[in-house]
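The exercises below are meant to be worked with the sequence and the coordinates open side by side. Each task is followed by a solution that proceeds step by step.

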Amino acid sequence: MDDEFAKLVRRVNQPRVVIDNNACEDATVIHVDSVNKHGILLEVVQVLTDMNLTITKAYISSDGGWFMDVFNVVDNDGNKIRDKEVMDYIQSRIETSAGFVPSRRGSVGVMPAEEHTSIELAGTDRPGLLSEVCAVLADLHCNVVNAEIWTHNARAAAVVHVTDDSMGCAISDPKRLSTIKELLCNVLKGSDDLKTAKTTLSAPGVMHRERRLHQIMFADRDYERVEKAGVRAVEEGSSRPQVTLLNIEKDYTVITMRSKDRPKLLFDIVCTLTDMQYVVFHGMVNTGRIEAYQEFYIRHVDGLPISSEAERVRVIQCLEAAIERRASEGLELELCTDDRLGLLSDITRIFRENSLCIRRALISTKSGKAKDTFYVTDVTGNLVDPKIIDSIRAQIGHTALQVKRNSSLAPKPPHQETTMGHFFGNLFKARTFQNFKLIRSYS
């Protein structure tokens with residue numbers, strides 16, 4: 001009965017989205033009001049992230065039965081959203097999706113779909129792993145149409161969409177799917193793996209690829225740090241995120257985070273909190289030219305704040321991992337060329353033969369063209385010798401493979417003391433809703 005009543009309330013009180021280009025000088029302001037439900041914040045942030053919008057500021061409130069958020073967003077060029085069609089699409093997407101949050105926390109495996117077969121992989125990272133995976137897929141006449149690969153803390157995860165090379169559609173033959181799973185499992189196990197991947201045939205369904213990657217790595221416990229040669233050098237050359245927790249009055253746990261700003265940072269954090277079954281009741285996000293500051297007042301879905309030291313340490317570790325998984329280590333290389341069967345296998349083999357490690361990769365194909373982005377280091381996790389890059393570009397083609405940037409040389413954010421309750425410290429002393437409205441209106 002409670003579920004049916006909640007559905008009725010959501011149907012009567014449809015989400016309301018207002019997009020305003022006049023409220024802020026340098027950003028488009030998006031107001032979202034809706035009936036509250038666990039996961040709705042992630043759903044809204046996911047829509048904005050999928051539209052390639054950058055959230056520069058955000059003010060979050062979901063105490064009680066209502067969800068009220070304000071997001072300041074800009075496009076890839078740092079400008080306001082001016083296109084009326086884009087604004088209408090954002091509004092309809094949020095209003096349609098708010099309140100409906102699909103959940104699939106099942107086992108890692110192979111999922112058939114009409115257009116492609118989705119393969120999910122997880123295992124211990126090692127040099128040349130992606131090259132071996134791509135070689136197996138090429139030998140089995142599986143064409144990689146798009147994929148995303150993450151590595152973090154000696155773990156690797158990937159979501160790969162493949163089609164049958166001869167038919168150009170999803171692979172549905174059970175025997176062939178079984179062979180693909182078996183051979184990929186053998187590659188992932190290696191000779192001295194800390195973890196082994198489970199590959200099972202899952203029921204068809206839709207899952208956000210990047211959220212699924214977070215879930216795969218979380219299930220593989222990548223937040224538990226593993227020391228290995230080369231990892232320390234990379235970590236010392238980059239700025240680790242600062243995550244602190246404090247329990248305050250009214251039984252909230254306050255989380256504050258400082259880190260390098262980057263695209264999709266808020267999505268990664270909210271995704272992790274949601275999958276760990278925490279609810280953000282109030283929050284503030286503020287980004288600068290280099291650094292991002294985020295502050296959330298949270299409770300577990302059971303209504304309690306973080307109550308033990310073990311839980312506190314685990315939440316800190318998981319949020320640090322969420323921030324670091326998508327962090328772009330090393331040199332960014334972009335490949336643009338005609339797509340063909342085995343292209344990805346050939347490219348990753350050349351990388352492996354030149355002692356390059358792929359830390360992260362985004363693979364996509366459209367209209368017969370491949371556009372792939374790789375973040376690479378040498379086998380010790382350090383910067384790649386420019387001579388090696390020149391040699392690789394000569395083999396692949398200077399016009400096909402471009403050097404975009406070296407993320408390891410990005411400037412460090414200035415160190416600042418974390419101040420608890422920077423925006424919300426007085427919120428619970430002045431308990432009226434009007435006072436909270438004033439805070440939300442700040443931009």
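**Exercise 1. Strand S11 and its partners**

Which residue is the bridge partner of threonine 244 in S11? Then establish how S11 pairs on either side, and whether S11 is mostly buried or exposed.

Solution. Before starting, note that this is a predicted model.

Step 1. The bridge partner of threonine 244 in S11 is threonine 256. A further pair of these two strands is found where glutamine 242 stands opposite arginine 258 of S11.

Step 2. Extending this register, strand S10, which covers residues 242-248, pairs with S11 over seven bridges in the antiparallel sense.

Step 3. S11 also pairs with strand S13 (residues 291-300), again in the antiparallel sense, and here over eight bridges. One of the positions to look for is serine 259, whose bridge partner in S13 is alanine 292.

Step 4. Taking a relative accessible area under 20% as the criterion for a buried residue, eight of the nine residues of S11 (residues 252-260) are buried, so the strand is largely enclosed by the rest of the structure.

**Exercise 2. The sheet and the helices that lie across it**

In what order do the eight strands of the open sheet follow one another, and which helices lie across S11?

Solution.

Step 1. The order of the eight strands in the open sheet is S1-S2-S4-S3-S12-S13-S11-S10, with antiparallel pairing.

Step 2. The edges are taken by strand S1 (16-20) and by S10, each of which has a single partner strand, so one side of each remains without a neighbour in the sheet. From one strand to the next, the twist averages 20°.

Step 3. Helix H8, residues 265-275, lies across strands S3 (54-61), S4 (66-74), S11, S12 (278-287) and S13, and it runs at about 15° to S13.

Step 4. Helix H9, residues 309-325, lies across S10, S11 and S12, and its direction makes an angle of about 145° with S10.

**Exercise 3. The largest cavity**

How many cavities of 30 Å³ or more does a search of the whole structure find, and which residues lie nearest the centre of the largest cavity?

Solution.

Step 1. The search finds five cavities of 30 Å³ or more, and the volume of the largest cavity is about 240 Å³.

Step 2. The lining of the largest cavity consists of 25 residues, and those nearest its centre are Asp125, Leu129, Leu130, Ile149 and Ile358.

Step 3. Sorted by character, the lining residues of the largest cavity comprise 16 nonpolar, five polar and four charged residues.

Step 4. At least two lining residues of the largest cavity come from each of the following elements: strand S6 (117-124), helix H4 (129-139), strand S7 (142-152), strand S8 (155-164), helix H10 (343-353) and strand S15 (356-366).

**Exercise 4. Two residues in strands S8 and S15**

Are alanine 157 and cysteine 357 buried or exposed, and which residues are they in contact with, leaving aside neighbours within four places in sequence?

Solution.

Step 1. Alanine 157 lies in strand S8, and it counts as buried because its relative accessibility is 2%.

Step 2. Apart from neighbours within four places in sequence, the contacts of alanine 157 include Leu121, Glu148, Trp150 and Ile216. Although alanine 157 and isoleucine 216 are 59 residues apart in sequence, their C-alpha atoms are 6.7 Å apart in space.

Step 3. Cysteine 357 belongs to strand S15 and is buried, at a relative accessible area of 8%.

Step 4. With the same neighbours within four places left aside, cysteine 357 is in contact with Pro127, Tyr375, Val376, Thr377, Asp378 and Val379.

**Exercise 5. Positive phi in two loops**

Where are glutamine 277 and serine 367 found, and what is the phi of each?

Solution.

Step 1. Recall as background that most residues other than glycine have a negative phi.

Step 2. Glutamine 277 is found in the loop between H8 and S12, and its phi is positive, at about 70°. With a relative accessible area of 33%, glutamine 277 is partly exposed.

Step 3. Serine 367 is placed in the loop between S15 and strand S16 (369-378), and its phi is likewise positive, near 50°. Serine 367 counts as exposed, at 73% relative accessibility.

How values were computed:
Residues numbered from 1 in each chain as written. Predicted model: local features only at pLDDT ≥ 70, side-chain atom pairs only at ≥ 80, totals over all residues. Heavy atoms only, no water. Buried < 20%, exposed > 50% of the residue type's maximum accessible area, 1.4 Å probe, protein only. Helix = DSSP H or I, 4+ residues; strand = E, 2+ residues; numbered from the N terminus. Pairing = 2+ DSSP bridges. Axes fitted to C-alpha atoms, helices over the stretch in contact; angles between N-to-C directions. Contact = heavy atoms within 4.5 Å. 1 Å grid on protein atoms, 1.4 Å probe; cavity = no way out; pocket = protein on both sides within 12 Å on 5 of 7 lines; lining within 4 Å. Points joined across faces, edges and corners; volume = space filled by probe spheres on them. Nonpolar A, V, L, I, M, F, W, Y, C, P; charged D, E, K, R; others polar.
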